[in-house]
Structures are given as C-alpha cells and as structure tokens.
Amino acid sequence: SLLNTLDWKGNNISAVVANPSSWTYLAPQRFVKGTWKVPSTPHCTYYDEWVWGLEHHGNLTRFPSPYKERVLANLGIPGVIQMYKQRNITYLRGSLDRCNTTGKHMWCQSHDLGTSCADELQGTSRWDRHEHFVQHLRLLGIKHPSHVVHGVGHDHALMFTSPVGLSVLFPKIQDTGSPTRASSLHSSLVPILRLATLNVHR
C-alpha cells in the first residue's frame, strides 16, 4: 500500500492494516524519550532503511529492494508521501496487543514480534508501535483513520471479525439503512473470515 503506483481512487482500492510487527516510516524521526527527533544510533545505523524506512545505503543496505528504489527515483520521498496521503487506508490495533516478548509469557503471545534495534526504536510492543506510527503520519499531514479493537490481543481472526473490523472491511453493509440486515450479513461473514484468517496465520 505504500509504494505501489496503482490508481487507488480510480480503481476504488482500500486497505486495512492490523497489528504489524513494525512499520515503514516516511521520515527519519522516531519517538525517543517523549520527543520526535532523528535518533543518535551508532549501534543501529540501519534503523531507517527498508523495511523500517526509506533510506538507502547502496550496497550496504540490509534488504535491497530495486522496486522501492525505482519508485523513489521516479517520485522522490515527497512524492511518495503525497501519494500515500491520498490513499484510502485504515489502521486497526487490539487493545491487548501490548506484548513485548517473542515467546509465550503468561497471558502474552506476541507471535514473532520483531526485536531488532530498528524495531525497538519504533516501540516495545505492537500497541506502542502503532501509536507512534500514527503520530508520525499526523506530523506529515496524513490523516488515515485508526481504530482500537477492544478486548483483543494479537489475534487476526478476532480483529477482523470484530464489529470494528467488519465495519471497515465492509463499509457498505453499514450503509444498508437496516441494522437488522447489517447484523445478519455480519453474522454470515464471521465464520468465513475466521477460517480465512486462521489459514493465513498458519
């Protein structure tokens, strides 16, 4: 959703992003000790490279991406920001998705939360990383909506089959004008989505 150059508006494309381990920032600033600034990172010089950011260090780049480089060569970072700003993207986060460990720890199951220094500069949990990324977008003038799914941790099925998840995945159902019809349609979609998300998760 960040770098593809399709005509989203003309093709009526939208995206829903939920609970990623890390995000691709559009600027080098990070939220460090309560302040947005370019961090001093001699131990983590790659923190703003792809896939955590758009910086490029030539042959030293950890994850080379010719596709990304072509888009940046054509549009530049300001052009990418403007393109991303115009897209129909919604972000979801679970209110309990606050794990900061890669394994099982009591109630906490983070499902391979990234723990590199570049990941940690975005926050210690998916909840924090979501919050910081959305703040980062706001600083760039990007106002994509962000919603909390209450009572849910890192569970794809529960995220997308929640009332909030269904309303952003299928907004036209909400516009039927009939709460009973919308509820019935939601009920029929839930088992299908749960099966799909469980298969993806595996």
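This is a short talk on one predicted model, covering its confidence, its sheet and one buried arginine.

I'll start with confidence. The mean pLDDT of the chain is 83, and 78% of the residues reach 70 or more. One stretch to treat with care is residues 197-202, where pLDDT stays under 50. The model has 5 contacts for that stretch beyond four places in sequence. Where pLDDT is low, the predicted coordinates should not be read in detail.

Now the sheet. There is an open sheet of 3 strands, in the order β1-β4-β7, and the pairing is parallel. At the edges sit β1, residues 14-18, and β7, residues 146-149, each of which pairs on one side only. From one strand to the next, the twist averages 25°.

Look at β4, residues 88-94. This strand and β7 pair in the parallel sense over 4 bridges. As an example, Leu92 has His147 in β7 as its bridge partner. Helix α3, residues 126-139, packs on the sheet and touches both β4 and β7. The direction of α3 makes about 150° with that of β4.

Next, one residue in strand β4: Arg93. Is Arg93 buried or exposed? Its relative accessibility is 9%, and buried means under 20%, so Arg93 counts as buried.

What does Arg93 touch, leaving out residues up to four places away in sequence? Its contacts include Asn19, Trp127, His130 and Met159. Ser146, His147, Val148 and Val149 are also among them, and so is Glu131. With Glu131 there is a side-chain polar contact as well, at 2.7 Å.

That is the end of the talk.

Notes
Residues numbered from 1 in each chain as written. Predicted model: local features only at pLDDT ≥ 70, side-chain atom pairs only at ≥ 80, totals over all residues. Heavy atoms only, no water. pLDDT = per-residue confidence, 0-100. Contact = heavy atoms within 4.5 Å. Pairing = 2+ DSSP bridges. Helix = DSSP H or I, 4+ residues; strand = E, 2+ residues; numbered from the N terminus. Axes fitted to C-alpha atoms, helices over the stretch in contact; angles between N-to-C directions. Buried < 20%, exposed > 50% of the residue type's maximum accessible area, 1.4 Å probe, protein only. Polar contact = N/O pair within 3.5 Å; in protein donor to acceptor, adjacent residues only side chain to side chain.
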